[in-house]
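Me: I am new to this structure and would love a close look at one part of it, the empty spaces inside and what lines them. Could you walk me through that in one connected answer?

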Amino acid sequence: VLGSAEEKMYSIKSIEREVASNWDLNYIISTLFNKNDWEEKHSQRVSQLCLKIGMALGLSESDVNTLSEAGRLHDIGKIILEPELMAKQNDLSPAEINKLRKHPVVGYRILNAFDHTMELAEAVLAHHEKWDGSGYPKGLRGGQIPLAARVIAAAEAYDRFFTAAEGEEAEKQAVAASEMKRLAGVHFDPDVVSALLRSLRDEKDKI
């Protein structure tokens, strides 16, 4: 009886700890999104694009779901930024650029603090690395960059190109696709870019 009671006690404590951790993480996420509405919508779009790319690459359902969640949380490290800096698109000072570039490391530390998001941390840390080695924070290149990070990088860039373009949706898609093709093999994994564009074409063909 004592052994059973002790086992139940540890089980309850474990569940309570998990609930508390989820609440803490959700608090961080909601605080970030409350700072900037665009970031919330961007994270949702990136998550969906990551899911599509993962499926186009033939990843397992588990890996696709993990990839989608990493896409949703890829910018969680921006919690350290002021709303004014988050909203600023151009003309950043060297100090602002330096602060902005810390967000992958902050995101890595946040996700490593929770058991259920530890597997996402490496992808978030490396999502601003570039295929040619010119990215940050480590200057990784090519296959040194985790696949999930390469997918997030392509998904995030496509979304930014698309939202910045003018015109009807088809025109915006064409502009974004053109930019991704131009930077494939430079900033982005060519295979990931191909999977992204293929998934978008397949989706368009179904409509």
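Reply: The protein has ten helices and zero strands, and reading along the sequence gives the pattern α-α-α-α-α-α-α-α-α-α. Please keep in mind that this is a predicted model. Of its 207 residues, 37% are buried. Among contacts with a separation of 6 or more, 61% join residues that are 24 or more positions apart. On the outside, the protein exposes about 11700 Å², and carbon and sulfur atoms supply 53% of that area.

Now to the empty spaces. Rolling a probe the size of a water molecule over the atoms shows where empty space is left. Here the search gives two cavities of 30 Å³ or more, and there are pockets to look at as well, the largest of them with a volume of about 920 Å³.

Let us start with that pocket. It is lined by 31 residues, and the closest to its centre are Leu 100, His 128, Tyr 136, Glu 156 and Arg 160. Four elements give two or more residues to this lining: H2, helix H4 (83-87), helix H5 (94-100) and helix H8 (147-164). Helix H8 gives the most, with seven residues. By residue type, the lining of the largest pocket divides into 15 nonpolar, eight polar and eight charged.

Next come the cavities. The largest cavity holds about 50 Å³ of space. If you would like to find it in the view, look for Ile 29, Leu 32, Phe 33, Glu 39, Ser 43, Arg 72, Leu 73, His 74, Asp 75 and Ile 76, which line it. Helix H1 (2-35) and helix H2 (37-56) each supply at least two residues of this lining, and the largest share, three residues, comes from H1. The lining of the largest cavity has five nonpolar, two polar and three charged residues.

Some of those charged residues are worth following a little further. Asp 75, which lines the largest cavity, has a side chain that meets the side chain of Lys 78 in a salt bridge, at 3.4 Å from N to O. Are these two partners buried or exposed? Asp 75 counts as buried because its relative accessibility is 4%, under the 20% cut-off. Lys 78 counts as buried too, because its relative accessibility is 8%. The pair also belongs to a wider arrangement: Glu 39, Asp 75 and Lys 78 are linked in a network of salt bridges. Glu 39 is itself among the residues that line the largest cavity, so if you display the lining and the network together, Glu 39 and Asp 75 will appear in both.

The second largest cavity has a volume of about 40 Å³. Its lining is made of Glu 129, Trp 131, Ile 145, Ala 149, Arg 150, Ala 153, His 187, Phe 188 and Asp 189. These divide into five nonpolar, one polar and three charged residues.

Here too a salt bridge involves residues of the lining. Arg 150 forms a salt bridge with Asp 189, and their closest N and O atoms are 2.7 Å apart. Arg 150 lies in helix H8, while Asp 189 lies in the loop between helix H9 (169-183) and helix H10 (190-206), so the pair ties together parts that are 39 residues apart in sequence. Arg 150 is buried, because its relative accessible area is 17%. Asp 189 also counts as buried, because its relative accessibility is 5%. Helix H8 may sound familiar by now: it contains Arg 150, and it also gives the most residues to the lining of the largest pocket.

For contrast, here is a salt bridge from elsewhere in the chain. A search of the whole structure finds ten salt bridges, and one of them joins Glu 179 to Arg 182, with the closest N and O atoms 2.7 Å apart. Both residues lie in helix H9, three residues apart, which is about one turn of the helix. How accessible are they? Glu 179 is partly exposed, because its relative accessible area is 22%. Arg 182 counts as exposed, because its relative accessibility is 52%.

To put the tour together, you can look first at the largest pocket, with helix H8 as the main contributor to its lining. From there, move to the largest cavity, where H1 gives the largest share of the lining, and then to the second largest cavity, where you can pick out Arg 150 and Asp 189.

Conventions:
Residues are numbered from 1 along each chain as its sequence is written. This is a predicted model: local features need pLDDT of at least 70, side-chain atom pairs count only at pLDDT 80 or more; totals for chains, interfaces and linings use all residues. Side-chain values use heavy atoms; hydrogens and water are left out. On a 1 Å grid over the protein atoms alone, a cavity is a set of points where a 1.4 Å probe fits but cannot get out, and a pocket is an open set with protein on both sides within 12 Å along at least five of seven lines; lining residues have an atom within 4 Å of a point. Grid points are joined across faces, edges and corners, and a volume is the space filled by probe spheres set on the points. Ala, Val, Leu, Ile, Met, Phe, Trp, Tyr, Cys and Pro count as nonpolar, Asp, Glu, Lys and Arg as charged, and the others, Gly among them, as polar. Buried means under 20% relative accessible area, exposed over 50%, partly exposed in between (1.4 Å probe, protein chains only). Contact means heavy atoms within 4.5 Å. Accessible areas come from the Shrake-Rupley method with a 1.4 Å probe; for residues, only the protein chains shown count as cover. A salt bridge is a side-chain nitrogen of Lys or Arg within 4 Å of a carboxyl oxygen of Asp or Glu.
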